[in-house]
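Subject: Structure handover

Hello,

Here is the structure I said I would pass on. Please look through it first; my notes on what was found follow below.

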Amino acid sequence: MNSFTLAGNVGSISIRKPTADKTIAQVNLATNRSFKRGDDWVEETDWHRLTFFDRLAERVEKYVQKGDFLVVQGEIRQRTYDHEGETRYSTDLVVRQYQRVST
């Protein structure tokens, strides 16, 4: 099964419209985790780059703001691309559904 579920706070939001009928939203989502290091509790934040397409992207553009708490589910995609003659690798988190949660 190729899926993920994340819950966290929205950082930045970027909306692109490469064609008249296509919308892409990229959202940075912060997730927090706490663990004990020695006698102290440490909290760390991880950032995840999420991609929303078409109708979901339009909903993100209209309703989602920085700081909102989201629960997202989707699929993980691996891709390669060339940048200035160098092969690069990317892991994309493509969202299939999301929910804004009031905190």
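**What was found**

Of the 103 residues in the protein, 30% are buried. Please keep in mind throughout that this is a predicted model.

**Overall layout**

The protein has 1 helix and 5 strands. Read from the N terminus, the order of these elements is β-β-β-α-β-β. Along the principal axes, the C-alpha atoms fill a box of roughly 55 × 40 × 30 Å. The accessible surface is about 7400 Å², and carbon and sulfur atoms account for 43% of that surface.

On charge, there are 16 positive and 15 negative side chains. The centres of these two sets are 5 Å apart. As for how the chain meets itself, take the contacts between residues at least 6 apart in sequence: 54% of them join residues at least 24 apart.

**The nonpolar core**

The largest nonpolar core contains 17 residues. Within this core, the residues with the most contacts are Leu50, Phe52, Val72 and Tyr98. Two or more residues each come from β1 (4–19), β2, β3 (40–53), α1 (54–63), β4 (69–83) and β5 (86–101).

Leu50 is a useful place to begin when you look at the core. Setting aside residues up to four places away in sequence, Leu50 touches Phe4, Leu6, Ala25, Gln26, Val27, Leu29, Val72, Leu93 and Val95. Val72, in that list, is also one of the core residues with the most contacts.

**Strand β2 and what it touches**

Three residues of strand β2 are worth going through in turn: Thr23, Ala30 and Thr31. The strand covers residues 22–37.

Thr23 has a relative accessibility of 3%, so it counts as buried. Neighbours within four places in sequence aside, Thr23 is in contact with Ile15, Arg16, Lys17, Phe52, Phe53, Asp54, Ala57 and Glu58. Phe52 in this list is among the core residues with the most contacts, and Asp54 comes up again below under backbone angles.

Ala30 is buried as well, with a relative accessible area of 9%. Beyond residues up to four places away in sequence, Ala30 touches Ala7, Gly8, Asn9, Thr45, Asp46 and Trp47. Its C-alpha lies 9.9 Å from that of Glu44, and the two residues are 14 apart in sequence.

Thr31 has 11% relative accessibility and therefore counts as buried. Which side chain does the side chain of Thr31 meet in a polar contact? The partner is the side chain of His48, at 2.8 Å. His48 also appears among the contacts of Thr31, which, leaving aside neighbours within four places in sequence, are Leu6, Ala7, Gly8, Glu44, Thr45, Asp46 and His48.

**Gly8 in strand β1**

Gly8, which both Ala30 and Thr31 touch, is found in strand β1. Is Gly8 buried or exposed? Its relative accessibility is 2%, so Gly8 counts as buried. With neighbours within four places in sequence left out, its contacts are Leu29, Ala30, Thr31, Asp68, Phe69 and Leu70. Among these, Asp68 is 60 residues away from Gly8 in sequence, while the C-alpha atoms of the two are 8.2 Å apart.

**Two backbone angles to look at**

Most residues other than glycine have a negative phi. Two residues here are worth checking against that.

Asp54 has a phi near 50°, a positive value, and is not a glycine. Asp54 is found in helix α1. Because its relative accessible area is 30%, Asp54 is partly exposed; the cut-offs are under 20% for buried and over 50% for exposed. Asp54 is also one of the contacts of Thr23.

Glu84 likewise has a positive phi, of about 50°, and is not a glycine. Where does Glu84 lie? Glu84 is in the loop between β4 and β5. With 77% relative accessibility, Glu84 counts as exposed.

That is the end of my notes.

Regards

Key. Residues are numbered from 1 along each chain as its sequence is written. This is a predicted model: local features need pLDDT of at least 70, side-chain atom pairs count only at pLDDT 80 or more; totals for chains, interfaces and linings use all residues. Side-chain values use heavy atoms; hydrogens and water are left out. Helices (H or I, at least four residues) and strands (E, at least two) are DSSP runs, numbered from the N terminus. Buried means under 20% relative accessible area, exposed over 50%, partly exposed in between (1.4 Å probe, protein chains only). Contact means heavy atoms within 4.5 Å. Accessible areas come from the Shrake-Rupley method with a 1.4 Å probe; for residues, only the protein chains shown count as cover. Lys and Arg count as positive and Asp and Glu as negative; His and the chain ends are not counted. The place of a charge is taken as NZ of Lys, CZ of Arg, CG of Asp or CD of Glu. A polar contact is a pair of N or O atoms within 3.5 Å; within protein, one must be able to donate a hydrogen and the other to accept it, and residues adjacent in sequence count only if both atoms are side-chain atoms. A nonpolar core is a set of buried Ala, Val, Leu, Ile, Met, Phe, Trp, Tyr and Cys residues joined through side-chain atoms within 4.5 Å.
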